[in-house]
Amino acid sequence: VLARRTSSGGDSQKDGEEQNNAQSFTTIPLSIDQNPDSPGEKERILDSGGYVSPPPEPGLTARVWLDPNMTQIGLAMARSIGDHAVKGVGVIAEPVVSVHTIDEELDEFVIIATDGVWEFISSEDAVDIVGRCLYGTDGEKQDASEACEALIKAATAKWHEFEGNYRDDITAMVIRLKDLWSVV
């Protein structure tokens, strides 16, 4: 997900009062999930002899199965690297590639994360968590590593809230784009 700056209070003084340093961001998704029941994904799986079950409850995802009774391997994604057992039923490793041109003036940071982050945290909430850390709206400004750690902690807390001691992999990177341009 990409965060684009939409407004800034700045650090300037106005009428003797300090303006707040609030940042506002637009969240720009850079990818979409390829779930087993997504258009195109489901058709490929069914045409390959696989089976797709609907999500067992709201908030969960559909699954790909090897057999019609849905007892042999249930994978919650339509694309995967290394899941050879379901390769024969339409689960592929080929990524969906999209291109986004970075605006050096407005684009602030990118968050790259695994599904363990996105399971309970929306893109907008992730941008808010990272933005508060990077731009100091919660106090002291932090670097990208600390902002990333805050996002991972938030995701971990959500997993604990909804799933108890179980959680999926939670991996993330935060890249400050302004830092990249200053190095070039």
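Visitor: Does Val1 count as buried or exposed?

Guide: This is a predicted model, in which local features need pLDDT of at least 70 and side-chain atom pairs count only at pLDDT 80 or more, while totals for chains, interfaces and linings use all residues. Residues are numbered from 1 along each chain as its sequence is written, and side-chain values use heavy atoms, with hydrogens and water left out. Val1 is found in the segment before β1 (2-8); helices (H or I, at least four residues) and strands (E, at least two) are DSSP runs, numbered from the N terminus. Buried means under 20% relative accessible area, exposed over 50%, and partly exposed in between (1.4 Å probe, protein chains only), so at 11% relative accessibility Val1 counts as buried.

Visitor: How far apart in space are Val1 and Ser31?

Guide: Not counting residues up to four places away in sequence, Val1 touches ten residues' worth of positions listed here in part, including Thr27, Leu30, Phe109 and Trp118; contact means heavy atoms within 4.5 Å. Val1 and Ser31 are 30 residues apart in sequence, yet the separation in space, C-alpha to C-alpha, is 7.5 Å.

Visitor: In the protein chain, what percentage of the contacts between residues at least 6 apart in sequence join residues at least 24 apart?

Guide: The protein chain holds five helices and nine strands. Along the sequence these elements follow the pattern β-β-β-β-α-β-β-β-β-α-α-α-β-α. Among contacts between residues at least 6 apart in sequence, the share that joins residues at least 24 apart is 55%.

Visitor: How much of the accessible surface of the protein chain belongs to carbon and sulfur atoms?

Guide: Of the 184 residues of the protein chain, 30% count as buried. Accessible areas come from the Shrake-Rupley method with a 1.4 Å probe, and for residues only the protein chains shown count as cover. The total comes to about 11,400 Å², and the part belonging to carbon and sulfur atoms is 51%.

Visitor: How far apart are the end C-alpha atoms of helix α4?

Guide: The expected span of a helix is 1.5 Å times one less than its number of residues. Helix α4 (residues 144-163) has 20 residues and should therefore span 28 Å; the distance between its end C-alpha atoms agrees, at 28 Å.

Visitor: Why are the buried residues of α4 said to be on the same side, and what arc do they cover?

Guide: In α4, the residues Ala144, Ala147, Cys148, Leu151, Ala155 and Trp159 are buried. They lie on the same side of α4 because of the narrow range they cover around the axis, an arc of only 120°. The arc is that of the directions from the helix axis to the C-beta atoms. On the other side of α4 there are exposed residues, namely Ser145, Lys153, His160 and Glu161, whereas the arc of the buried ones is only 120°.

Visitor: Which elements do the buried residues of α4 pack against?

Guide: At the start of α4, a side-chain oxygen of Asp143 reaches to within 3.1 Å of the backbone nitrogen of Ser145. The buried residues of the helix pack against β8 (107-113), α2 (115-118), α3 (123-135) and β9 (172-176).

Visitor: Which residue of β9 is the bridge partner of Ile112?

Guide: Strands β8 and β9 run antiparallel and are joined by five bridges; two strands pair if DSSP finds at least two bridges between them. Side chains alternate along β9: Ala172, Val174 and Arg176 point to one face and are buried, while Met173 and Ile175 point to the other and are not. The partner of Ile112 is Met173.

Visitor: Which strands stand at the edges of the open three-stranded sheet?

Guide: This sheet has the order β5-β6-β7, with antiparallel pairing. Each edge strand has a single partner, so one side of each is left without a neighbour in the sheet; these strands are β5 (51-53) and β7 (74-75).

Visitor: What is the relative accessibility of Met70?

Guide: Met70 is found in the loop between β6 and β7. Its phi is near 55°, a positive value in a residue other than glycine. Met70 counts as partly exposed because its relative accessibility is 32%.

Definitions and conventions. Polar contact = N/O pair within 3.5 Å; in protein donor to acceptor, adjacent residues only side chain to side chain.
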